[in-house]
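Welcome! Have a look at the structure below, then try each exercise before you read its solution.

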Amino acid sequence: MAPFDPVELLGKPMGYLIFILFGMGFGVSLEIAGFGVAHKLIGQFYFKDQTVFKTMFTSVLVAMALLFLTIGLGWLDYDRIFVPPTYLWTGILGGLLLGFGIIIGGYCPGTSLASSASGHLDGIFFVAGVMAGGLLFGSVADSFWGFYNSSFMGRFTLPEWLGLPTEVVVAIAIVAGLLLVWGSDMIEKAWKRREGILTDAEVKQDKRVLTGIAVALLAATVAILVIGQPTLADAWNKNTEKQAMLAEGKAFVPPAEVSQAVYDPLINIVLLDVRDERDFNLYHLENAQRIDPDNLAPVMADLLQESEPPVVIVMSNDETRAIEVWKQLVAKNSINAYVMEGGINAWIEEHAEGQFQPIESHPDDTLAWVIPDALGDKWHSAIPHQPHHPAPYEYEIIKLQKKAPTGAGGCG
Amino acid sequence: MTAASSTVTKSKKKRAAKPFTNSLIAGVLLGLVLFLVYFFTGDGLGASGGANRFAVWAARLVAPGWVNSTPYLIKYGGGAKKPLDSFIVMLDIGVLLGGFLSAWYFGRLKTVTIKGPRVGTSMRWFIAFIGGTLAGFGARMSRGCTSGQGLNGAATLSVGSWAFLLAFFAGGYLLAYFVRRLWF
């Protein structure tokens, strides 16, 4: 499933060439729109030429529609594309400064490159300013480092903020965006009419193009609403590789191998306990974190953010609930997770034999042992024993996985 | 170039400059490029990041000690790091190439200074530099410019990017009245 990492896939020269080609597409788009000319940009702010709004929002809507259409069809993984992280106040301050920059200097960083490439000297001076501004920022960043890193909200999306399904937010954005583009077009036409530079041909062409774009985008919106966005269950049903892994028992790590991995300096291990609070408080492994199986999204987001791809061990009392959570974690192949074989019950049997009274017959996935006190991980046996094998160790089940490409971001 | 008055410093007239493409059609093309780069690489577009890395690279040629003692710059060009070894620099090289080829193909390649009628050429250069400095500083502050933060984040529904875009346009509209003589 897309996206891919071209540098990883094709090596640096070819991968970089691909980025140069995409950059060329970007440069051509900016130049043909007229963004190499300052007046085409600043006209926006004087209610004259509205190219900025018309081009920018058309491009955003087209990209948004295609992205969420392909995401809906299961061809592209939304979790692995770069969504600029939200730092609310530095973003707003930076935005204001860029707004001052465009109205004073006539460009923004991207358009000043297109301007320079067209031979415009003011564009070249603007680019020099952008570089100077970056170095200036670097030299004074220390004095407001706290502010610079404040109001961090991570990968925070409009659907999460509004509490609405993604496809609904996309539909609203596309309809609102089309109205914005149409409104800007009206403003521009009014100005051109007053200046006497509006031709009938232009009115006709704009009408045709705008209608075409609106029809295509609205059709895409309907499709996005009908298809919806893929759930983890959809992804699991399509993931034959992980289904086989489960059927062949290759998803289950014996408690001994878990202990080994806990002490392995080469492994970033994360222990996830999916049982309810009561059982967790009675007995859980040291460093295990209890998670809510019904709210996995934030947990998965955190796991994907880790710089060292973690080996995740999921555990419940037996295996049933752990397997359900595991299916969701691995559905998109982005998280390297396993189920602890036999769950906490098997762990206790192996590490705390004779300490607790067994319960004769227990329903599936409940505790099979009488735990007298809620000591959590203070039980001696809850701390995995230091294994005898030194690292590196040949694991039977656990395989290390490369970090899934999550997109380094357009701000580098 | 609509109402703009531009001073031609040096012009090589080879063919008549073609008018710009319909802004909506240009928007569709830009949208397709943005979608494709996301689909195939997982990364969006960007412009200021590459320019910044180039600046760090240049600064290191002149003052390596300064780069190595400035924490924010170390992460780009400290020690043995290669500031230009990044996909974001490749995007900028592409933008320059694409912009050049397009301007050449449509007969718009011209050494001119685009400015308002009330401003002298060297004054315009100075003001462009100041505007660029504000934009460059701002782009570092917001961790991305109108492309890296604006286009990418708007299309992928980032809350922070929409806030950024609102602030960007607010900044432009707020100051527009006071600097109108620079342009008209």
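**Exercise 1.** Does B:Arg143 count as buried or exposed?

*Solution.* This is a predicted model, and the steps below use its coordinates.
- Step 1: find the residue. B:Arg143 sits in the loop that runs between helix H6 (121-141) and helix H7 (146-155) of chain B.
- Step 2: recall the cut-off. A residue is buried if 20 or more other C-beta atoms lie within 10 Å of its own.
- Step 3: apply it. B:Arg143 counts as buried because it has 24 C-beta neighbours inside 10 Å.
- Step 4: look at the backbone as well. The phi angle of B:Arg143 is near 60 degrees, a positive value in a residue other than glycine.

**Exercise 2.** Work out where A:Ser151 is placed and which exposure class it falls into.

*Solution.*
- Step 1: on chain A, the loop between helix H8 (145-148) and strand E2 (152-154) holds A:Ser151.
- Step 2: A:Ser151 has 13 C-beta neighbours inside 10 Å, so it counts as partly exposed.
- Step 3: A:Ser151 is not a glycine, yet its phi is positive, near 45 degrees.

**Exercise 3.** Describe the overall build of chain A, and say how its radius of gyration relates to that of a compact globule.

*Solution.*
- Step 1: list the elements. Chain A contains 18 helices and nine strands.
- Step 2: check the radius of gyration. For a compact globule of 412 residues one would expect a value near 22 Å, but chain A has 28 Å.
- Step 3: add the extents. The C-alpha trace of chain A spans about 95 × 50 × 40 Å along its principal axes.
- Step 4: turn to burial. In chain A, 49% of the 412 residues count as buried.
- Step 5: consider the contacts. Taking those in chain A between residues at least 6 apart in sequence, 72% join residues at least 24 apart.

**Exercise 4.** Split chain A into its domains and examine where they touch.

*Solution.*
- Step 1: the domain assignment gives domain 1 (6-232) and domain 2 (235-382) of chain A.
- Step 2: the C-alpha centres of domain 1 of chain A and domain 2 of chain A are 44 Å apart.
- Step 3: at the contact, seven residues of domain 1 of chain A meet nine residues of domain 2 of chain A.
- Step 4: on the side of domain 1 of chain A that touches domain 2 of chain A, there are two nonpolar residues, one polar and four charged.

**Exercise 5.** Repeat the domain analysis for chain B.

*Solution.*
- Step 1: chain B is divided into domain 1 (21-110) and domain 2 (111-184).
- Step 2: over C-alpha atoms, the centres of domain 1 of chain B and domain 2 of chain B are separated by 17 Å.
- Step 3: domain 1 of chain B brings nine residues to the contact, and domain 2 of chain B brings 12 residues.
- Step 4: on the domain 1 side, helix H2 (residues 48-62) of chain B gives the most, with three residues.
- Step 5: that side of domain 1 of chain B has three nonpolar, five polar and one charged residue.

**Exercise 6.** Why is helix H14 (residues 255-262) of chain A largely enclosed by the rest of the structure?

*Solution.*
- Step 1: helix H14 of chain A is largely enclosed because six of its eight residues are buried.
- Step 2: the buried residues of H14(A) are A:Pro255, A:Glu257, A:Val258, A:Gln260, A:Ala261 and A:Val262.
- Step 3: their packing partners in chain A include strand E4 (269-273), strand E6 (311-315) and helix H18 (343-351).

**Exercise 7.** Explore how the two chains meet and what the largest nonpolar core contains.

*Solution.*
- Step 1: the contact takes 121 residues from chain A and 120 residues from chain B.
- Step 2: the side of chain A that touches chain B has 75 nonpolar, 38 polar and eight charged residues.
- Step 3: the largest nonpolar core has 126 residues, and those touching the most other members include A:Val60, A:Leu67, B:Leu34 and B:Leu91.
- Step 4: helix H4 (residues 51-72) of chain A gives the most to this core, with 14 residues.
- Step 5: among the residues that B:Leu91 touches are A:Phe19, A:Phe22, A:Phe26 and B:Leu45.

**Exercise 8.** Which helix of chain A has the lowest confidence, and which the highest?

*Solution.*
- Step 1: chain A averages a pLDDT of 90, and 96% of the residues score at least 70.
- Step 2: confidence in chain A is lowest in helix H16 (residues 297-305), at a mean of 81, and highest in helix H6 (residues 109-117), at 97.
- Step 3: over residues 405-412 of chain A the pLDDT is below 50.
- Step 4: where pLDDT is low, the predicted coordinates should not be read in detail.

Definitions and conventions. Residues numbered from 1 in each chain as written. Chains lettered and ligands numbered in written order. Predicted model: local features only at pLDDT ≥ 70, side-chain atom pairs only at ≥ 80, totals over all residues. Helix = DSSP H or I, 4+ residues; strand = E, 2+ residues; numbered from the N terminus. Rg over C-alpha atoms; globule rule 2.2 N^0.38 Å. Buried ≥ 20, exposed ≤ 12 C-beta atoms within 10 Å, placed from the backbone. Nonpolar A, V, L, I, M, F, W, Y, C, P; charged D, E, K, R; others polar. Domains from an automatic or database assignment. Core = buried A, V, L, I, M, F, W, Y, C linked by C-beta atoms within 7 Å. pLDDT = per-residue confidence, 0-100. Lists of a residue's contacts leave out its neighbours within four places in sequence.
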